[in-house]
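Got the viewer open? Let's take a short tour, one selection at a time.

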Amino acid sequence: MSTIGWVGLGNMGRPMTANLVKAGHTVNGFDLVPEAVAAAAEHGVNPVKSIAEAVAGADIVFTMLPKGEHARTAYLEPDGVLANADTKTLLVDSSTIDFDSARVLHAEAAKAGFRLIDGPVSGGVTGAEAGTLTFMLGGSDADVEEARPFIEAMAGNIFHAGGDAAGQAAKIVNNMMLSISLQGVVEGAVLADRFGLDPKVFHDIAKVSSGDSWPLRTWYPVPGVTTTAAANNDFKPGFAAALMHKDVGLALAGAETQGVDLPAATLVHAQLQKLMDEDLGGLDTSALIRNIDPNAEG
Ligand code: NAD
């Protein structure tokens, strides 16, 4: 089996590395937070104290970091990945980061003689634990094929989205569309209630009608309607509003650099910001309903 370097052992990195260990790989794991390293070590990750130690002798290196700024630091600083790894080692950044940072990482990695894939994921912590994440990969055919057997231990679906930064692009656009659909569902749920409709009856109608959508079926923001909804559980995430705020922000930042105006995404971003301002960013994204009806149950 192979040696894997891993940087970033947070909510996602910890279960993802646990699945790589289960698949028989040696995983040398580093995080700036010693407690995160210790927690990963409980699942068989070999704890190390620096990026340099994590990448030493690795066949492949994964990074799973919060934002573009963290990824740039972890790759580009003198104590980072590019300055310390062997150029033969394939690099995969699975963080969800802005499109421009992804392109910078590709360009700097290539300049330093490395091969890099952007490989953000969808599926949340439960998907990470179950090894059923969807990976969206951006890079060359050959590099994606080399990474695939490692990724399979963590994935339900693996898509080669296209060339450099295509994985980030797919992830950002997908989540932007999800947030806009969800805003429609929360507004519809409140109006249906005010019209006196039974939420279960309305849900049964909409899910086989043209109002159907993934958030309608999966996240309907009224308790007792869909078993998978955070509304059944006090809006405990799920997918935290703060994370969605970040992802829609990435879409807006990318749209600005591409010279595109996105009115609906701008509106949803402001709605998510309102939750953050009210200290509700830790709730599930479907708590967007509280902006429309502050007394919405959940
Ligand atoms: P997290 O904040 O729980 O973990 C990130 C870890 O990176 C932290 O432990 C932090 O200490 C570490 N870190 C930051 N800078 C570092 C550095 N320079 N060197 C080493 N470690 C460093 O975040 P998460 O929930 O694991 O998410 C990671 C990425 O995955 C994010 O981009 C997020 O948007 C994306 N994502 C998250 C989810 C989810 O449901 N949590 C779902 C899909 C995608």
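Before the first click, a word on names: helices (H or I, at least four residues) and strands (E, at least two) are DSSP runs, numbered from the N terminus. Keep in mind, too, that this is a predicted model.

**Stop 1: the ligand.** Select the ligand and bring up the 26 residues around it. Which of them come nearest? Label Gly-8, Gly-10, Asn-11, Met-12 and Thr-96, and you have them.

Now colour by secondary structure. At least two residues of the shell come from each of α4 (68–76), β7 (121–122) and α7 (124–130). Pick out α4 in particular: with three residues, it supplies the largest share of the shell. Switch to colouring by residue class and the shell around the ligand splits into 15 nonpolar, ten polar and one charged.

**Stop 2: the two domains.** Next, colour 3–164 as domain 1 and 169–292 as domain 2, following the domain assignment. Draw a line between their C-alpha centres and it spans 29 Å.

Zoom in on where they touch: nine residues of domain 1 are in contact with eleven of domain 2. On the domain 1 side, the touching residues are four nonpolar, three polar and two charged.

**Stop 3: the annotated stretch.** Finally, select 166–290. An unreviewed UniProt entry annotates these residues as the domain "3-hydroxyisobutyrate dehydrogenase-like NAD-binding". Helix or strand here? The chain over 166–290 is 63% helix and 0% strand. Put a distance label on the C-alpha atoms at its two ends, and it should read 34 Å.

Terms used. Residues numbered from 1 in each chain as written. Predicted model: local features only at pLDDT ≥ 70, side-chain atom pairs only at ≥ 80, totals over all residues. Near = placed C-beta within 6 Å. Nonpolar A, V, L, I, M, F, W, Y, C, P; charged D, E, K, R; others polar. UniProt positions renumbered as here; feature names shortened; annotations may be inferred. Domains from an automatic or database assignment. Contact = placed C-beta atoms within 7 Å.
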